[in-house]
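Biologist: Please take a close look at one packing contact in this model, and go through it slowly enough for a first-year student. Afterwards, please set that part against the rest of the chain.

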Amino acid sequence: MKKISIIVPSYNEEEALPKLYERLTNTLSNISNYEFEILFVNDGSKDSTLNIIKDFRKHDNRISYVNFSRNFGKEIAIMAGLDYAIGDAVILIDADLQDPPEIIPELIKYWEEGYDDVYAKRKSRKGETFFKKFTSKLYYKILQKLTRVEIQKDTGDFRLLDRRCVNALRKMRETQRCSKSMFSWIGYNKKEVLYDRDPRIAGKTKWNYKKLVDLAIDGITAFTTSPLRISTYISLPTFFVCIVYFIYVIIKAVKLHMAIQAFQAIILLNLFFFGIIILLIGIIGEYLGRIFNETKNRPLYFVDEYNGEKEKNI
C-alpha cells in the first residue's frame, strides 16, 4: 500500500489547527487504498500550536511532528518537511485552510496517472486585497521575463510531489529559498488542478509586505543572473544620452549665445549617475550577500524534537 505524507508548516496557528485537522481527517477517511502520514512542522510557534499537535498525536497514530529549535521561516519549514516525510509522495498544504483539503483526492488521481508534480492553481483569491493581487501578478510576469524556466502562475505551495521530486528538492540546500521557483526549476511531469482559494479560517497572515518583498527578491536572485546585466543595459543608452546632451549644450551655446549655468548641469548629472551607481551596487550587493551566506555552509535548521524525541545528532 502506498503511503502519502501531508506536510503542514505551522507558525502560531492554534486557532486554525483544530478546524484543519477536522476537515483533513474527514477528507482522508473517504480515500481508500492509501496510508497517510500527517507531518506538522512547528516553526518555533509562541502559542499553543505544539501542544495541540501533540494532542492530535495521542489520538491519531498518523500524526508526526517536527519541532524547530526556533523560528526559521516557512521556506525552511517546507524543506524540513521534505527531509522528514516518509511517504511515496508528499502533499504540501497551509494550516490556515486557504487551500481546501477536499481537493486532495483529485491531486492523488493525477499522481496515479503518472504526473510527478500536481499543483493547485488559483482561479480566485478571496480575502486578498486588490493591491496584493496586482503585485503578485506583476511579480510573476517580471520573474518569467527574467528567467528561462517556465514559472507556474497563480500557484502556491499547495501541491502533490512524487518521491523523485522530493529527492530532487532535498539536494537543493541553499539558504535563500523560494520554493515556488524551485518547483518549476526541477521540471518533471506537471499537472495543474484549478481551485478557488478561500480566506484564512482564523488568525492573521504571517506574510506582511516586507516578507513578501524579501521572498520576491529571493525568487528572482536565486534563479537568474539577469539583474546583473542591468548594468550593461543601462550603461550603453546612458552613455549615448550623455553624448547627445553635451552636443546639445555646445550647439546651444554657440548658436544662441546663451550662457549655461554650469553648476546646474553638474548637479543634475551627478544626481543621475549617482542614482544609477547606487542601483547597480545594490543589485551586486544582493548577489554578494547570497554568496556570503552560502559559503558559511550552515545547516538550514535545527530540530528540538521529532515525535517527542529530542534530537541529539547535529
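Modeller: In this predicted model, helix 3 and helix 6 are oblique to each other, and this pair is the part I would like to examine closely. Helix 3 covers residues 74-84 and helix 6 covers residues 163-170, and the two pack at an angle of about 125° with their axes 10 Å apart. The word oblique follows from that angle, because angles under 35 degrees count as roughly parallel, those over 145 as roughly antiparallel and those from 65 to 115 as roughly perpendicular, while the rest are called oblique. The crossing of these two helices is also left-handed. On the side of helix 3, the contact is made by Met79, Leu82 and Asp83, and on the side of helix 6 by Val166, Leu169 and Arg170. Sorted by class, this contact of helix 3 with helix 6 holds four nonpolar and two charged residues, and no polar ones.

Staying with helix 3 for a moment, we can ask how many of its 11 residues are buried. The count is 10, so that the helix is described as mostly covered, where buried means under 20% relative accessible area. Among the buried residues of helix 3 are Met79, Leu82 and Asp83, the three that helix 3 brings to the contact with helix 6. Ala80 of helix 3 is buried too, and Ala80 belongs to a core of 28 residues that also includes Leu39, Phe72 and Val303.

That core is separate from the largest nonpolar core, which has 36 residues. Within the largest core, Ile6, Phe40, Ile91 and Ile108 are the residues with the most contacts. To take one of them, isoleucine 108 touches Ile4, Ile31, Tyr34, Phe36, Ile91 and Leu160, when residues up to four places away in sequence are left aside. As a general background, nonpolar side chains tend to be buried together in soluble globular proteins.

A second pair of helices offers a useful contrast in angle. Helix 1 (residues 17-28) and helix 2 (residues 49-59) have axes that come within 10 Å and cross at roughly 30°, and these two helices are therefore roughly parallel to each other. Their crossing is right-handed, whereas that of helix 3 and helix 6 is left-handed. Helix 1 contributes Leu17, Pro18 and Tyr21 to the contact, and helix 2 contributes Thr49, Ile52, Ile53 and Phe56. Here the residues divide into six nonpolar, one polar and no charged.

Finally, it helps to place these helices in the whole protein chain, which has 10 helices and nine strands. Of its 314 residues, 45% are buried. When contacts between residues at least 6 apart in sequence are considered, 84% of them join residues at least 24 apart.

Two loop residues also deserve a look, since most residues other than glycine have a negative phi. Leucine 97, in the loop between strand 4 and helix 4, has a positive phi near 65°, and at 2% relative accessibility leucine 97 counts as buried. Tyrosine 188 lies in the loop between helix 7 and strand 7 and has a positive phi near 70°, but tyrosine 188 is partly exposed, with a relative accessible area of 35%.

Methods
Residues are numbered from 1 along each chain as its sequence is written. This is a predicted model: local features need pLDDT of at least 70, side-chain atom pairs count only at pLDDT 80 or more; totals for chains, interfaces and linings use all residues. Side-chain values use heavy atoms; hydrogens and water are left out. Axes are lines fitted to C-alpha atoms, for helices over the stretch in contact, and angles run from 0 to 180 degrees between N-to-C directions. Helices (H or I, at least four residues) and strands (E, at least two) are DSSP runs, numbered from the N terminus. A crossing is left-handed if the near helix is turned anticlockwise from the far one by less than a right angle, and right-handed if clockwise. Contact means heavy atoms within 4.5 Å. Ala, Val, Leu, Ile, Met, Phe, Trp, Tyr, Cys and Pro count as nonpolar, Asp, Glu, Lys and Arg as charged, and the others, Gly among them, as polar. A nonpolar core is a set of buried Ala, Val, Leu, Ile, Met, Phe, Trp, Tyr and Cys residues joined through side-chain atoms within 4.5 Å. Buried means under 20% relative accessible area, exposed over 50%, partly exposed in between (1.4 Å probe, protein chains only).
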